[in-house]
Structures are given as structure tokens and as C-alpha cells.
Amino acid sequence: HQKESDIFKVQIYKDNGRGYQEEESEFIEDAYKGDNLIELEYVFDGNVQNLRIDPAFDSCMCKVQEMTLNGEAVPLGTRGILHVNGKVVKGKDEVSMVFATNDPNINISITKLQPKAENRLYLRMEIVRLPMSMAEDIQKSYDMVCDAVNHNKERLASLKSAKEEILKRIGDGADISLEKEKEKAMKIIEGTALNMGITIKE
């Protein structure tokens with residue numbers, strides 16, 4: 001078994017254009033402010049293209065409470081800014097991640113954040129150690145939810161396509177004799193969607 005002092009350590013890697021190198025990394029002293037809280041500041045120069053933060057050396061779940069670069073909030077929900085070797089299970093103002101690995105890492109694309117000649121990254125993050133089996137279960141459950149959401153999006157798109165086709169055939173300028181057929185067709189489509197838990201809006 002690993003000692004907790006060997007598990008709960010924060011290591012940061014710098015990518016200066018050559019990828020992540022062990023010699024371009026360092027451990028951050030006193031980054032842990034408690035069993036479940038990481039808080040640190042890290043200063044680096046303008047040559048750094050990406051940063052990799054390893055929050056622990058075990059499977060875990062993390063929640064970023066605050067991350068800033070030079071005092072400006074890092075938009076973690078923006079595509080291309082954040083990359084992890086786990087699952088991002090929530091992504092807006094606060095981002096949660098689960099890692100089913102003994103080498104969790106959080107990668108930040110610095111080049112997309114308007115870096116300066118000298119930069120200061122501030123990070124405040126909650127962290128909870130998880131058994132590997134539990135972390136794997138959470139990741140699998142998240143994948144199942146994502147699959148279900150994507151499947152419903154596909155069905156919704158199909159229903160909207162059917163709606164548009166009927167409207168096209170009937171035409172917005174249809175005479176009064178066709179209005180009842182139009183209304184009937186729309187009720188069938190919207191009723192089917194309602195049974196699926198989907199609301200079709202005009």
C-alpha cells in the first residue's frame with residue numbers, strides 16, 4: 001500500500017513545445033490545504049504552451065471551484081481549453097471530473113488563454129479519493145447517460161424533420177380544407193414526441 005503522503009501530492013508539468021518532460025515538472029509544496037482541498041499558485045513564463053496538473057496519484061474525483069490565469073477566470077467549459085484523462089461530468093462555471101486511473105491529469109491549453117511574458121495560475125479544487133472500482137462505475141454510468149441523451153437528440157431531430165416535411169407538403173398557404181389534415185398530422189407527431197418525453201417547439 002502506498003503512503004498517503006505519496007498519494008496526495010500535486011505535480012505540474014510544463015509543455016514548452018516539446019511535449020511534457022519529467023525534467024520540466026515539479027511538485028508543489030503544501031498544495032493540499034486539507035484532506036479534500038487543493039489550493040495553489042503557479043508562476044510560469046510565456047514559452048509555456050500547455051500545463052498538466054496531476055492532483056494525486058490515485059483514482060479520485062475533483063471539482064474545480066476556481067481557476068484563474070493572471071486574475072482572469074479560465075473558461076474551462078470552452079471547447080479546447082480543458083483536456084483530462086478521465087471524464088468531465090459537469091462543465092459550466094464549476095467543473096467536476098472523475099478519474100479511474102492512478103495517474104490522473106488535468107491539461108490546460110495555455111496558448112488559448114492570452115498568456116503574458118510572466119503568468120500566474122491560481123487553482124482551488126476539491127478532491128475526494130475513490131476506490132478504483134467506484135471510479136470506473138461512475139465513468140460507466142456517465143457514458144450511459146451520455147448515450148441516452150445523444151439517442152434522444154437523434155430521435156428529436158428525426159421528429160423535427162418529419163414535422164418540417166409535412167409542413168412543406170401542406171404548405172403555409174394551404175386552403176382551409178387542408179387545415180384539419182395539417183392539424184391532425186401535427187398532433188400525431190407531437191403526441192409521439194410527448195410519449196418519448198420530448199417537446200417539439202415551433
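Q: Is Cys62 buried or exposed?
A: Buried, in this predicted model: Cys62 has 1% relative accessibility.

Q: And what about Cys60, buried or exposed?
A: Cys60 is buried too, with a relative accessible area of 2%.

Q: Why is there no bond between the sulfur of Cys60 and that of Cys62?
A: Because the two sulfur atoms are 3.9 Å apart, which is too far for a bond. A disulfide here needs the sulfur atoms within 2.5 Å. For Cys60, the closest cysteine sulfur is the one in Cys62. Seen from the other side, Cys62 has the sulfur of Cys60 as its nearest cysteine sulfur, and Cys62 is in no disulfide.

Q: How many disulfides in the whole structure, then?
A: Zero, after a search of the whole structure.

Q: Switching to the fold. How many helices and strands?
A: The protein has three helices and 12 strands.

Q: What does strand 4 pair with?
A: Strand 4, residues 37-45, pairs with strand 12, residues 118-129. The pairing is antiparallel and covers nine bridges. Within strand 12, Asn119 is the residue opposite Phe44.

Q: How many bridges between strand 6 and strand 12?
A: Nine, and strand 6 (residues 60-69) runs antiparallel to strand 12.

Q: Which residue of strand 12 stands opposite Thr68?
A: Tyr122. Thr68 itself belongs to strand 6.

Q: What does Thr68 touch, sequence neighbours aside?
A: Leaving out residues within four places in sequence, Thr68 is in contact with Arg120, Leu121 and Tyr122, and also with Ala73 and Val74.

Q: Why does Thr68 count as buried?
A: Because its relative accessibility is 10%, and the cut-off for buried is under 20%.

Q: Different spot: where does Ser109 lie?
A: In strand 11, which spans residues 106-109. Ser109 is buried, at 6% relative accessible area.

Q: Which residues does Ser109 touch?
A: Gln49, Asn50, Gly80 and Ile81, not counting residues up to four places away in sequence.

Q: Back to the whole protein. What share of the residues is buried?
A: 36% of the 202 residues count as buried.

Q: And how much area does the protein expose?
A: About 12,500 Å², with 48% of it supplied by carbon and sulfur atoms.

Q: Last one: what share of the contacts comes from residues 24 or more positions apart?
A: Among contacts with a separation of 6 or more, such residues account for 72%.

Note on methods:
Residues are numbered from 1 along each chain as its sequence is written. This is a predicted model: local features need pLDDT of at least 70, side-chain atom pairs count only at pLDDT 80 or more; totals for chains, interfaces and linings use all residues. Side-chain values use heavy atoms; hydrogens and water are left out. Helices (H or I, at least four residues) and strands (E, at least two) are DSSP runs, numbered from the N terminus. Buried means under 20% relative accessible area, exposed over 50%, partly exposed in between (1.4 Å probe, protein chains only). Contact means heavy atoms within 4.5 Å. Accessible areas come from the Shrake-Rupley method with a 1.4 Å probe; for residues, only the protein chains shown count as cover. Two strands pair if DSSP finds at least two bridges between them.
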